Amino acid sequence: VLYMAAAMDIEKRDNGEKNIVPAGMFYYYVKDPVLKFDHFDEDEDLEEQMLGEYRCSGYASERTEVLQKLDSVFGTNGYLENGAKSSCVPVNVTSKGDFGRYAKVLSDEKWEKAITHTTRKAAEFGRDIMRGKIDISPYHLGKETGCDYCGLRGICGMERTEFGSRCRQMEEKEEEDIWEDMGKKEGEQR
C-alpha cells in the first residue's frame, strides 16, 4: 500500500491535471513452475496453464475500464464480460455480471481507506522510532505469532516464558470489519 501511495503521489506531481486512480497492487511469487500433464496434446492450452501458475495475488480496482486494461478477458466495450475469469489477476465475473465471491477488487473508497490508514500508521511508527520506542511486541493471532517467520527471533532476547505477557493478542476479524475499522478517524480507533 505504501508503494501504491508513493506511485500515486509521483503521478499526481507529474500529471497534476489527470485523475490518478490505482489499477491494482499485486504480489508476484518468483518461481519456476513445472507444468504436469500425462501426455502431450497440441490442443492443450499450455500458455493458459503457465499463466495460471504465474497468477498474482493482491487487489485490483473494481472499475471496469481499469480491469479491461489489466486483462482483455474482461472485454473492451465498457461492460464486464459475463463469466470472465482472469488467469493473471485474482478477479472473476459471474455469469450474471457481478464479481465472483473470491474476486479481489476494491472500490475507490476502499483504496482511499487503505492508503490513508497505511500512511497514517507508517507516520505513527516513524514517530515512535524517532522517540526511541522500539518495543519487542509480537502478535498472537490464532495459531500464528509474529515470531514464526522473524529472522531476528534468535537475538531479540525475548524468552518463551515471557511470550504470553508481552505478546499482543489479536482477534480474527471479517474483512468488512477491518475495512470499517480502517475508515475510523484516529481518535476513534479501538
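**Exercise 1. Classify glutamate 171 by its accessibility and describe where it lies.**

Step 1. Glutamate 171 has a relative accessible area of 59% and is therefore exposed. The classes are buried (under 20% relative accessible area), exposed (over 50%) and partly exposed (in between), with a 1.4 Å probe and protein chains only. The structure is a predicted model, in which local features need pLDDT of at least 70, side-chain atom pairs count only at pLDDT 80 or more, and totals for chains, interfaces and linings use all residues. Residues are numbered from 1 along each chain as its sequence is written, and side-chain values use heavy atoms, with hydrogens and water left out.

Step 2. Glutamate 171 lies in the loop between S6 and H6. Helices (H or I, at least four residues) and strands (E, at least two) are DSSP runs, numbered from the N terminus.

Step 3. Between the C-alpha atoms of glutamate 171 and aspartate 32 there are 36 Å, with 139 residues separating the two along the chain.

**Exercise 2. Identify the negative surface patch that includes Glu171, and place glutamate 174 in the fold.**

Step 1. The patch is formed by Glu144, Asp148, Glu171, Glu172, Glu174, Asp177 and Glu180. Patch residues have over 30% relative accessible area and no salt bridge; like charges are joined within 9 Å, and nonpolar side chains (Val, Leu, Ile, Met, Phe, Trp, Tyr) within 5 Å. Accessible areas come from the Shrake-Rupley method with a 1.4 Å probe, and for residues only the protein chains shown count as cover.

Step 2. Asp and Glu count as negative, Lys and Arg as positive, while His and the chain ends are not counted. The place of a charge is NZ of Lys, CZ of Arg, CG of Asp or CD of Glu.

Step 3. Glutamate 174 is in the loop between strand S6 (168-169) and helix H6 (175-183). Its relative accessibility is 59%, so glutamate 174 counts as exposed.

**Exercise 3. Determine how many salt bridges there are, and examine the pairs of lysine 113 and glutamate 124.**

Step 1. Side chains of opposite charge can pair when their charged atoms come close. A salt bridge is a side-chain nitrogen of Lys or Arg within 4 Å of a carboxyl oxygen of Asp or Glu; by this rule there are nine.

Step 2. Lysine 113 pairs with glutamate 109, with the closest N and O atoms 3.9 Å apart. Both residues lie in helix H4 (residues 108-130), four residues apart, about one turn of the helix. Lysine 113 is partly exposed at 22%, whereas glutamate 109 is exposed at 54%.

Step 3. Glutamate 124 pairs with lysine 121, and here the closest N and O atoms are 3.3 Å apart. Because the two are three residues apart in helix H4, about one helical turn separates them. Glutamate 124 is partly exposed at 23%, and lysine 121 is partly exposed at 28%.

Step 4. Arg63, Glu65 and Asp108 are linked in a network of salt bridges.

**Exercise 4. Describe the salt bridge of arginine 131 and the setting of its partner.**

Step 1. The partner is aspartate 128, with the closest N and O atoms 3.8 Å apart.

Step 2. Arginine 131 is exposed at 63%, whereas aspartate 128 is buried at 17%.

Step 3. Aspartate 128 lies in helix H4. From aspartate 128 to glycine 154 the C-alpha separation is 24 Å, across 26 residues in sequence.
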